[in-house]
Amino acid sequence: MNRTDRLLAIVLEMQAKGWQRAEDLAATFEISKRTIYRDMDALAESGVPVVSSPGQGYSLVEGYFLPPVHFSPDEAIILLLGADFMAQSFDAQYRAAARSAGSKIQAVLPDSSRAEVADLQTSLRFIPMFPLDGMARPELLQQIRRAVIERKTVRMDYHTRSGEEVAGTKTRRDADPYGLIHLDRTWYLVAYCHLRHDIRHFRLDRVDRLQVLDKTFTRPDNFQLGPSPDNRPGITIRALFSPDVARWVKEERNFYKTAEEDRPDGLLITFSVRQESDLVQWLLGWGRHVCVLEPQSVIELMLEETRSVLALYQPVLP
């Protein structure tokens, strides 16, 4: 990154995050603090209203904004494609915001770029197989988004599948919503569960009723949205898939998969789950093309389910 680009990036960093210490900026741009000091002097000399405070670092005078950003055709098409995808995929509130954002991007493009972008739009298209809100009620997404933003505890009736209860069980849960994740056509709420006293992932399509409570919470400063080693489930399952289906197994997105290894005798996959039954139905779907290697408890569950299926067909077997 040349100096001109770095100076612009420093201004954008302060504009987005507020006060920034010299050491933090130095780490972000992989330069020395001495260089940051020189860059700040250069910005001040060029008219950028930079203020400094001992212990806080540098910031911009309140109300200062950069002039409108000029997008290259490649930057504009990526943003417009993203806005178009979001417009197709979210509920009405975010759909309107996505379309408005796309209109604003197109409005600031010069005529020469606008024609190129329009041409690119006719040759690139993202089509979601299912709307992102198709697996969860739009009003439910809106309630949870509001609870996440306002840091309010939610109460919900939640269905779980476990053990031999094929129909599942329903429990009343109070949870502090930390964020939302969309994975393989399904929305998940990441929240601190008051019943389990731990962070849990809740499928929104398993929520029957949700109420936003008046009780507020504080999200931990070290929380990161997504899987982390500290929150990984505790039971390891190893399964060997035959070479005939290895390609198709790799295409399957599985929340519990932690590692895979190509071997002469097939594809070895390691999973990590909270309870043995989490994966049994999915493994059974591969029929004779999968063999569970460990643990013994999952092997026994697979045998039990297989015997139950066989029993269904005993009356019609010759």
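# Notebook: burial, pairing and salt bridges

I started at Ser59, which counts as buried because its relative accessibility is 9%, under the 20% limit for that class. The model I am reading is a predicted one. Ser59 lies in strand β2. I listed what Ser59 touches, leaving out residues up to four places away in sequence, and found Met14, Gly18, Trp19, Pro49, Val50 and Val51.

**Entry: the β1 and β2 hairpin**

I looked up the pairing next. Strand β1 (residues 50-53) and strand β2 (residues 57-60) run antiparallel and are joined by 4 bridges. Which residue of β2 is the bridge partner of Val51? I found Ser59 in that place. The hairpin has 3 residues between the strands, and Gly55 there takes a positive phi near 90°.

**Entry: Met40**

I then went to helix α3 (residues 33-45), where Met40 is found. Is Met40 buried or exposed? I noted Met40 as buried, because its relative accessible area is 3%. With residues up to four places away in sequence not counted, Met40 touches Ile10, Met14, Leu25, Val50 and Tyr58. Met14 thus appears in the list for Met40 and in the list for Ser59; Val50 is likewise a contact of Met40 and of Ser59. I also took one C-alpha distance: Met40 and Ala22 are 9.5 Å apart in space and 18 residues apart in sequence.

**Entry: salt bridges**

I counted the salt bridges of the structure and got 17. I looked at three pairs.

Asp39 forms a salt bridge with Arg6, with 2.7 Å between the closest N and O atoms. Asp39 belongs to helix α3 and Arg6 to helix α1 (residues 3-17), so this pair ties together parts that are 33 residues apart in sequence. I checked burial for both: Asp39 is buried, and Arg6 is too. Arg3 enters here as well, since a network of salt bridges links Arg3, Arg6 and Asp39.

Lys250 and Asp262 meet through their side chains in a salt bridge, 2.9 Å from N to O. The pair links distant parts of the chain, with Lys250 in helix α8 (residues 243-251) and Asp262 in strand β9, 12 residues apart. How exposed is each partner? Lys250 counts as partly exposed because its relative accessibility is 37%. Asp262 has a relative accessible area of 55% and is therefore exposed, the limit for that class being over 50%.

Arg200 forms a salt bridge with Asp198, the closest N and O atoms lying 3.2 Å apart. Asp198 has a relative accessible area of 30%, so I entered Asp198 as partly exposed.

**Entry: the sheet that holds β9**

From Asp262 I followed strand β9 into its sheet. What is the strand order of this open sheet of 4 strands? I read the order as β9-β10-β8-β11, with antiparallel pairing. The edge strands are β9 (257-263) and β11 (290-294), each pairing on one side only. On average, neighbouring strands of this sheet are turned by 25° against each other, direction ignored.

I looked at one pairing in detail. Strand β10 (residues 266-273) pairs with β9 in the antiparallel sense over 6 bridges. Glu260 stands opposite Ile269 in β10.

Which strands of the sheet does helix α9 touch? Helix α9 (residues 277-284) packs on the sheet and touches β8 (235-241), β10 and β11. The direction of helix α9 makes about 150° with that of β10. Helix α10 (residues 296-313) lies across β8 and β11 and runs at about 145° to β11.

**Entry: a surface patch**

Leu312 is found in helix α10. I entered Leu312 as exposed because its relative accessibility is 66%. Val309, Leu312, Tyr313 and Val316 form a nonpolar patch on the surface, and their accessible area together is about 450 Å².

**Entry: totals for the chain**

I closed with the whole chain. The protein chain has 10 helices and 11 strands. Of its 318 residues, 34% are buried. For contacts between residues at least 6 apart in sequence, 60% join residues at least 24 apart. The accessible surface of the chain comes to about 19800 Å², and 52% of that belongs to carbon and sulfur atoms.

Terms used:
Residues numbered from 1 in each chain as written. Predicted model: local features only at pLDDT ≥ 70, side-chain atom pairs only at ≥ 80, totals over all residues. Heavy atoms only, no water. Pairing = 2+ DSSP bridges. Helix = DSSP H or I, 4+ residues; strand = E, 2+ residues; numbered from the N terminus. Axes fitted to C-alpha atoms, helices over the stretch in contact; angles between N-to-C directions. Contact = heavy atoms within 4.5 Å. Patch = residues over 30% accessible without salt bridge, like charges linked within 9 Å, V, L, I, M, F, W, Y side chains within 5 Å. Areas by Shrake-Rupley, 256 points an atom, 1.4 Å probe, with all protein chains shown as cover. Salt bridge = Lys/Arg side-chain N within 4 Å of Asp/Glu carboxyl O. Buried < 20%, exposed > 50% of the residue type's maximum accessible area, 1.4 Å probe, protein only.
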